[in-house]
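Colleague: Before I rely on any label given to this model, I would like to hear the value behind it and the cut-off it was held against. Could you take me through them one by one?

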Amino acid sequence: MQIYISDAGVIATTYVLYRLAMTQGLTWVLCIYGVPLLIVNGFIVLITLMHHTHASLPHYDSSEWDYLRGALATVDRDYGILNKVFHNVTDTHVLHHIFSYISHYHAMEATNAIKPLLGDYYQVDDTPIIKAMWRDTKECIYVEKDEGSQGRGVYWYKNKL
């Protein structure tokens, strides 16, 4: 039933956009709806990529993965002024993975509370985001099994064959 409701929503949105394009013009719809949609989705992809891509983050296969290891395989990043624009989703992402139900207006307080508890398991990268994006997309090409894990399923990012 939820699929049908979702389909109805997509069809209704498409119809409204079509009607708007017919009355206001395609250019108007692209400027008012299309461009903001691309920008928001671009940020979602960038934020997701940057929170889960860092040379210090391990990856696990099914033999080693558990909830806490998976939750801690992320990094908080500083997006400057955009931290406030994004309601601190960008610099409280580790907390989000552990306690996803905490509201964004308590996220900084909660992040500051868990940092000392997590110690070395808390990952943060204060590199400016453009520089970090360039570095991590060059250095984190693929994952390879950790040689020191004695057959266990721990993987690390590599960039050389």
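**Strands and their pairing**

Modeller: This is a predicted model, and I would begin with the sheet, where Lys145 stands opposite Tyr155 in E5. Another such position is Val143, whose opposite number in E5 is Tyr157.

Colleague: What makes E4 and E5 a pair, and in which sense do they pair?

Modeller: Two strands count as paired if at least two bridges are found between them. E4 and strand E5 (residues 154–158) have 4 bridges in the antiparallel sense, so they meet that requirement.

Colleague: How do you know that E1 and E5 are joined?

Modeller: There are 2 bridges between E1 and E5, which run antiparallel, and since the requirement is at least two, this pair qualifies. Tyr60 has Val154 of E5 as its bridge partner.

Colleague: What makes this an open sheet, in what order do the strands come, and which are the edge strands?

Modeller: The open sheet consists of 3 strands in the order E1-E5-E4, with antiparallel pairing. Strand E1 (59–60) and strand E4 (142–145) each pair on one side only, and they are the edge strands.

**Salt bridges**

Colleague: How many salt bridges does a search of the whole structure find, and why is the contact of Arg69 and Glu64 called one?

Modeller: The search finds 6 salt bridges. A side-chain nitrogen of Lys or Arg must lie within 4 Å of a carboxyl oxygen of Asp or Glu; for Arg69 and Glu64 the N to O distance is 2.7 Å, so the contact is a salt bridge. Arg69 has 29% relative accessibility and counts as partly exposed, whereas Glu64 has 13% and counts as buried, because buried means under 20% and partly exposed lies between that and 50%.

Colleague: What do Arg77 and Asp125 tie together, and how do you know that they form a salt bridge?

Modeller: The closest N and O atoms of Arg77 and Asp125 are 2.8 Å apart, which is inside the 4 Å limit. Arg77 lies in strand E2 (residues 76–77) and Asp125 in strand E3 (residues 124–125), so this salt bridge ties together parts that are 48 residues apart in sequence. Arg77 is buried at 1% relative accessibility, and Asp125 is buried at 7%.

Colleague: Are Arg135 and Asp136 buried or partly exposed, and what makes a network of these residues?

Modeller: The side chains of Arg135 and Asp136 meet in a salt bridge of 2.9 Å, N to O. Arg135, with a relative accessible area of 23%, is partly exposed, while Asp136, at 1%, counts as buried. Salt bridges that share partners join Arg77, Asp125, Arg135 and Asp136 into one network.

**Loop, core and surface**

Colleague: What is notable about the phi of His87 and of Asn88?

Modeller: Most residues other than glycine have a negative phi. His87, which is not a glycine, has a positive phi of about 55°, and Asn88 likewise has a positive phi, near 60°. His87 is in the loop between helix H4 (82–85) and helix H5 (93–98), and Asn88 is also placed in the loop between H4 and H5. His87 counts as partly exposed at 44% relative accessibility, but Asn88 is buried, with a relative accessible area of 9%.

Colleague: Which residues make up the largest nonpolar core, and which element gives the most to this core?

Modeller: The largest nonpolar core has 10 residues, including Ala71, Val94, Ile98, Ala107, Ile114 and Tyr122. Helix H3 (67–72), H5 and helix H6 (107–118) give two or more residues each, and H6 gives the most, with 4 residues. These residues belong together as a core because each is buried and they are joined through side-chain atoms within 4.5 Å.

Colleague: Which residues form the nonpolar patch on the surface?

Modeller: Tyr15, Val16, Tyr18 and Met22 form the patch, with about 450 Å² of accessible area together. Tyr15 is placed in helix H1 (residues 2–24).

**Annotated spans**

Colleague: Which residues does UniProt list for "transmembrane region", and what is the helix content of the span?

Modeller: The UniProt record, an unreviewed entry, lists residues 26–49, and this span is 100% helix and 0% strand, with its end C-alpha atoms 32 Å apart. Ile44 lies in helix H2 (residues 26–52) and counts as partly exposed at 46% relative accessibility, since the exposed class needs over 50%.

Notes. Residues numbered from 1 in each chain as written. Predicted model: local features only at pLDDT ≥ 70, side-chain atom pairs only at ≥ 80, totals over all residues. Heavy atoms only, no water. Buried < 20%, exposed > 50% of the residue type's maximum accessible area, 1.4 Å probe, protein only. Patch = residues over 30% accessible without salt bridge, like charges linked within 9 Å, V, L, I, M, F, W, Y side chains within 5 Å. Areas by Shrake-Rupley, 256 points an atom, 1.4 Å probe, with all protein chains shown as cover. UniProt positions renumbered as here; feature names shortened; annotations may be inferred.
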